[in-house]
Amino acid sequence: MTRAFLVVIDSVGCGGAPDAAGFFNEGVPDTGANTLAHIAQACAGGRAESGRSGPLNLPNLDNLGLGAAIRLASGETAPGLGAAPQGLWGAATEISPGKDTPSGHWELAGVPVPWDWTYFPREVPAFPEALLAEVRRLAGTGGTLGNCHASGTEIVDRLGAEHLATGWPILYTSADSVFQIAAHEEAFGLDRLLALCAGIAPLLHAMKVGRVIARPFTGSPETGFTRTQNRHDYAIAPPAPTLCDRVQGAGRRVQAIGKIGDIFSMRGIDEVRKGTDAELMGHWLDLMDEAPEGSLTFANFVEFDSLYGHRRDVAGYAGALEWFDAQLPRVLGRMRPGDLILITADHGNDPTWPGTDHTRERVPVLGAGVGTRAVGLCAFADVGASVAAHLGVPAEGPGRSFL
C-alpha cells in the first residue's frame with residue numbers, strides 16, 4: 001500500500017502561460033509575469049532586503065528541480081536556482097478560464113472549470129441591489145457597508161469603527177470571483193457571521209461567483225483591528241467528482257490541510273486541519289507519521305498568496321519561500337517506502353507585477369519518492385491523475401498520469 005501527499009504552495013507560479021495575454025492586472029496583460037523568477041531576480045539585485053537578505057536561498061526545492069522547472073516553463077533563469085534535479089520535476093499549464101483558487105485546485109484534482117466565473121465591476125456599489133437586500137434580510141440590519149472592491153485589511157481599518165457603531169456587515173470583493181463579508185467576532189458575533197455567509201452562499205453560487213468568504217476580525221478603533229484565523233470559505237461545489245471523491249470512494253482516507261476542505265465544499269474530505277502556515281507545517285509533519293496507508297493528504301499553504309503576493313511584498317514572499325524550503329528536510333526525512341510527495345501551485349501572484357491580482361502562469365511540479373524524473377510540460381489535471389495512479393485509484397477526466 002502507498003500514500004500520497006499533494007501540497008499546493010499557493011500562487012507560486014513560474015511564468016510562461018501560453019494564454020497569459022488574455023488575463024489582466026490593472027489593464028496590463030499578464031504576459032511576462034513570473035512569480036518565482038522575478039522574486040529571485042529581485043533578491044539577487046538587492047531589492048528584497050526587508051526581514052531577509054541576499055540571493056534567494058531555496059536549496060531543497062531547487063534540488064528537487066525548481067530552477068529547472070522555471071526554465072522549462074518560461075525560458076527565464078532564476079538566479080541561485082541552478083541545481084541539477086534530483087527529484088521529479090516539470091511544469092503544469094492550466095486550461096480553466098480563471099486564475100483563481102477554486103479553478104486551480106479543482107483542475108489539479110482532475111476537474112477543469114467548465115464555465116466562466118462572475119466578477120463584480122469596479123464601481124460603487126459593486127453589488128446589485130437584490131443581493132444587498134438579501135444580505136440585509138439575512139443579517140437583520142438596516143444597511144451594509146463597503147459594497148466595493150477593496151483590500152481586506154484596508155477596508156476593515158477604514159470601516160471597522162462604523163461597523164461597530166451601526167452593526168452593519170462590511171461587504172467587499174476583489175479581482176477574484178468572490179463575495180467577502182467582514183464583521184467583528186464579538187460585537188457582530190462569529191456564529192452570526194458564519195450563518196450569514198452560509199445563508200447568502202447559494203444565491204452567489206447560482207450567479208457563478210466562486211466563493212463567499214467570512215472575514216472575522218477583532219479589536220477597536222483605539223487599538224486597531226486584526227483579522228482572526230476563523231476565516232471560512234463557502235465555495236461552489238465542483239461540477240464533477242474530483243481526486244478527493246475518487247480516493248474516498250475507493251475506501252481510502254482523505255486528510256485536508258489548510259483551506260482544502262473549503263475549496264472542495266468538504267466533498268471527498270474526511271478530516272480537516274487548519275491554522276497559520278507555520279501550524280499547517282506542523283500538521284503536515286504529523287501526518288507524515290500518522291496518515292494511514294493508501295491515504296491522500298491534500299494541503300494548501302496560503303500565506304505566500306494572502307500575505308505577500310496580493311500585497312506585492314517581494315521580500316516577504318521571498319522570506320516565506322525560504323521558510324518553506326527550510327522545513328522540507330524534516331518532511332522528506334519522515335517519508336516511508338512507497339510514499340509520493342508532489343509540490344505544485346494553483347496560479348501565480350507575481351509581487352513585482354502591476355495591480356494586486358493573481359497572475360496567469362504555469363506552475364512548477366516537484367516530486368519526491370519516485371527518483372529523478374523529468375515529466376516535461378504537463379497539464380494541471382495530470383497531477384491528479386498521477387496521484388490517482390500512485391494510489392491505484394480509478395481516475396476519470398482529461399488528466400494523464402506522468403508516473
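Buried means under 20% relative accessible area, and exposed means over 50%. Keep those cut-offs handy for the exercises below, which walk through a predicted model.

**Exercise 1. Work out whether H390 is buried or exposed, then find what it touches.**

Step 1: Start with the location. H390 sits in helix 13, which covers residues 380–391.

Step 2: Bring in the cut-off. H390 has a relative accessible area of 18%, so it is buried.

Step 3: Look for its partners. Not counting residues up to four places away in sequence, H390 touches T2, R3, A4, G338, D339, L340 and L403.

**Exercise 2. Compare the settings of E26 and R312, starting from the sign of phi.**

Step 1: Check the backbone. E26 isn't a glycine, yet its phi is positive, near 50 degrees. R312 isn't a glycine either, and its phi is positive at about 55 degrees.

Step 2: Place each residue. E26 is in the loop between strand 2 (24–25) and strand 3 (28–29). R312 is in the loop between helix 11 (303–309) and helix 12.

Step 3: Apply the cut-offs. E26 has 58% relative accessibility, so it counts as exposed. R312 comes in at 18%, so it counts as buried.

**Exercise 3. Describe the surroundings of G67.**

Step 1: Find G67 in helix 3, which runs over residues 66–74.

Step 2: Read its accessibility. The value is 1%, so G67 counts as buried.

Step 3: List its contacts. Once you set aside neighbours within four places in sequence, G67 is in contact with D62 and L81.

Step 4: Try a C-alpha distance too. G67 and A84 are 17 residues apart along the chain, and their C-alpha atoms are separated by 8.6 Å.

**Exercise 4. Map the nonpolar cores.**

Step 1: Recall a general tendency. In soluble globular proteins, nonpolar side chains tend to be buried together.

Step 2: Take the largest nonpolar core. It has 86 residues, and those with the most contacts inside it are W284, L296, F298, F301, F304, F324 and I343.

Step 3: Ask which element gives the most to this core. That's helix 12 (residues 314–332), with nine residues.

Step 4: Zoom in on one member. Leaving aside neighbours within four places in sequence, I343 is in contact with V7, I9, L61, L64, F324, L328, P364, V365 and L366.

Step 5: Look beyond it. Another core of 22 residues lies apart from the largest one, and F120, L132, A139 and A183 are among its residues.

**Exercise 5. Characterise the interface between domain 1 and domain 2.**

Step 1: Set the bounds. Domain 1 is made of 4–114 + 239–391, while domain 2 covers 129–235. Their C-alpha centres lie 29 Å apart.

Step 2: Count the residues involved. On the domain 1 side, 13 residues are in contact with ten residues of domain 2.

Step 3: Get the area. The two domains bury about 930 Å² between them, with 44% of it on carbon and sulfur atoms.

Step 4: Look at the polar side of things. The rule finds zero salt bridges across the interface, and three residue pairs are in polar contact between the domains.

Step 5: Identify the elements. Helix 4 (101–108) and helix 9 (260–263) each supply at least two residues of the domain 1 side that touches domain 2.

**Exercise 6. Find which residues the cis peptide bond joins, and where P125 is.**

Step 1: Check omega. It is about 0 degrees for the cis peptide bond between V124 and P125.

Step 2: Locate the proline. P125 is in the loop between helix 4 and helix 5 (129–139).

How values were computed. Residues are numbered from 1 along each chain as its sequence is written. This is a predicted model: local features need pLDDT of at least 70, side-chain atom pairs count only at pLDDT 80 or more; totals for chains, interfaces and linings use all residues. Side-chain values use heavy atoms; hydrogens and water are left out. Helices (H or I, at least four residues) and strands (E, at least two) are DSSP runs, numbered from the N terminus. Buried means under 20% relative accessible area, exposed over 50%, partly exposed in between (1.4 Å probe, protein chains only). Contact means heavy atoms within 4.5 Å. A nonpolar core is a set of buried Ala, Val, Leu, Ile, Met, Phe, Trp, Tyr and Cys residues joined through side-chain atoms within 4.5 Å. Domain bounds come from an automatic or database domain assignment. Buried area is the accessible area (1.4 Å probe) that two parts lose on being put together, summed over both. A salt bridge is a side-chain nitrogen of Lys or Arg within 4 Å of a carboxyl oxygen of Asp or Glu. A polar contact is a pair of N or O atoms within 3.5 Å; within protein, one must be able to donate a hydrogen and the other to accept it, and residues adjacent in sequence count only if both atoms are side-chain atoms.
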